[in-house]
Amino acid sequence: MAIVEVKVPQLSESVAEGTLLTWKKKPGEAIAIDEILVEIETDKVVLEVPAPSAGVMAEIVKADGSSVVSEEVIARIDSEGKAGAVAPAAAAPAAAAAAPAAAAPAAAVGGSKGDVAMPAAAKILAEKGLSATDVAGSGKDGRVTKGDALAASAKPAAVAAPVAVAAAPAVAKPLPAVAAPVAQNLGDRPEQRVPMTRLRARVAERLLQSQATNAILTTFNEVNMAPVMEMRKKFQEKFEKEHGVKLGFMSFFVKAAVAALKKYPVLNASVDGNDIVYHGYFDIGIAVGSPRGLVVPIIRNADQLSFADIEKKIAEFGQKAKEGKISLDDLTGGTFSISNGGTFGSMLSTPIINPPQSAILGVHATKDRAVVENGQVVVRPINYLAMSYDHRIIDGREAVLGLVTMKEALEDPARLLFDI
């Protein structure tokens with residue numbers, strides 16, 4: 001037998017540990033080299049663990065849901081084994097787990113819907129010293145109703161007594177292990193308790209940190225999106241044919257944001273203790289929703305990228321997020337962020353700053369609205385922009401003028417092409 005150890009990949013310095021999700025192989029099953037064995041969820045990304053060797057899964061050292069650290073051994077592969085053969089070390093835990101399962105078959109049945117009594121019925125049964133398991137329920141999903149309880153309590157004591165005696169051993173049933181998610185059947189008001197994923201817990205931590213440490217204010221402005229929409233419509237077909245990617249609105253927002261950050265550098269700065277750090281580069285974070293939660297991948301050196309380059313990066317991040325393949329490097333850094341709630345139909349919001357950044361732009365749904373131009377009421381496609389900023393280092397003047405710069409760039413997109 002030639003054993004090859006499967007270890008946790010090297011995690012970044014900012015990630016202390018991860019959680020094993022579901023193993024894709026069981027002991028005794030054949031494995032191909034580089035086949036994905038399990039995924040590890042950290043507070044930033046989900047990492048895939050490939051098989052370092054072909055062979056047979058000999059032993060799973062760390063079970064689903066276990067916490068693990070860098071370079072920790074989580075499984076062993078027998079590179080010379082044959083499918084169906086389980087190593088003794090792997091067989092022992094399985095046999096040990098089977099013993100308690102066989103010893104308590106009743107516990108597996110204890111959670112059936114038929115054991116549940118409606119509140120009024122439960123009160124009557126308690127007064128009569130009866131259990132819901134003693135009564136055949138006629139309600140929905142076999143629930144015991146008030147009528148069932150009254151009928152059962154009206155039976156002669158001679159009949160009820162044997163039932164009580166027969167039910168007595170149920171008190172000695174071992175309690176089933178609590179697993180996640182935990183469902184509680186409360187009649188017509190069910191609940192389910194689900195632990196936060198590491199990613200969701202990390203997002204919650206950072207948002208609370210942001211509100212606790214930043215003096216957050218938000219300034220708003222409205223933008224006539226007609227010029228951008230006309231330019232996009234005019235060049236959409238040629239752009240896609242030339243670059244192999246659609247021309248979206250986000251590239252315009254990124255370019256407009258960069259124009260404002262260049263004009264007002266404090267919007268691109270961050271706080272470090274009592275120092276203000278001015279960044280001489282423009283790394284723009286784009287908030288992306290994924291099945292596992294919110295992530296903010298970074299478009300680096302956005303000022304040096306073309307519209308096509310930006311659209312390609314956004315499309316790449318969107319696909320990675322959908323597949324759960326955003327890497328730690330994709331999320332590292334960032335000097336300013338953009339959140340597009342308009343994708344989901346949001347009209348207005350106050351985005352929360354992504355620490356250690358000092359400002360974030362919120363983009364919303366573009367809708368036809370009545371506006372006044374030259375004393376006349378006209379209909380224009382309007383988008384409400386919101387920029388939240390850290391008032392510790394950014395004054396209202398810079399924040400308002402920065403958002404006005406973005407507005408002017410979007411209402412005259414030719415400025416973006418000539419960097420004016």
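Strands β4 (residues 36-41) and β5 (residues 46-50) run antiparallel and are joined by 5 bridges. Within this pairing, Ile40 stands opposite Leu47 of β5. The model is a predicted one, and the description below follows it from this pair of strands to the sheet, the cores and the surface.

β4 also pairs with strand β2 (residues 18-20), again in the antiparallel sense, here over 2 bridges. In that pairing Thr19 stands opposite Glu41 of β4. Strand β4 is mostly covered, with 5 of its 6 residues buried.

A separate topic is the open sheet. This sheet has 4 strands, in the order β1-β8-β6-β3, and their pairing is antiparallel. Its edges are held by β1 (3-7) and β3 (30-31); each has a single partner strand, so one side of each is left without a neighbour in the sheet. For β3, the pairing with strand β6 (residues 55-60) is antiparallel and consists of 2 bridges. Ile31 has Gly55 in β6 as its bridge partner.

Next come the nonpolar cores. The largest nonpolar core has 71 residues, of which Ile74, Ile284, Phe336 and Ile338 touch the most other members. Helix α8 (residues 250-263) gives the most to this core, contributing 9 residues. Apart from this core lies another, made of 6 residues, including Leu125, Leu130, Ala149 and Ala152.

Ile74 can be followed further through its contacts. Leaving aside neighbours within four places in sequence, Ile74 is in contact with Val6, Val8, Leu20, Trp23, Val38, Val49, Ile60, Val61, Lys62 and Val68. Several of these positions fall in strands already described. Among the contacts of Ile74, Val6 belongs to β1 (3-7), Leu20 to β2 (residues 18-20), and Val49 to β5 (residues 46-50). Likewise, Val38 is a contact of Ile74 and lies in β4 (residues 36-41), while Ile60, another contact, lies in β6 (residues 55-60).

The surface offers a nonpolar feature as well. Phe220, Met347 and Leu348 make a nonpolar surface patch of about 290 Å². Phe220 lies in strand β11 (residues 216-224). Is Phe220 buried, exposed or partly exposed? With a relative accessible area of 40%, Phe220 is partly exposed, because the partly exposed class covers the range between under 20% for buried and over 50% for exposed. Patch members need over 30% relative accessible area, and the 40% of Phe220 is in keeping with its place in the patch.

How values were computed: Residues numbered from 1 in each chain as written. Predicted model: local features only at pLDDT ≥ 70, side-chain atom pairs only at ≥ 80, totals over all residues. Heavy atoms only, no water. Core = buried A, V, L, I, M, F, W, Y, C linked by side-chain atoms within 4.5 Å. Buried < 20%, exposed > 50% of the residue type's maximum accessible area, 1.4 Å probe, protein only. Contact = heavy atoms within 4.5 Å. Patch = residues over 30% accessible without salt bridge, like charges linked within 9 Å, V, L, I, M, F, W, Y side chains within 5 Å. Areas by Shrake-Rupley, 256 points an atom, 1.4 Å probe, with all protein chains shown as cover. Salt bridge = Lys/Arg side-chain N within 4 Å of Asp/Glu carboxyl O. Pairing = 2+ DSSP bridges.
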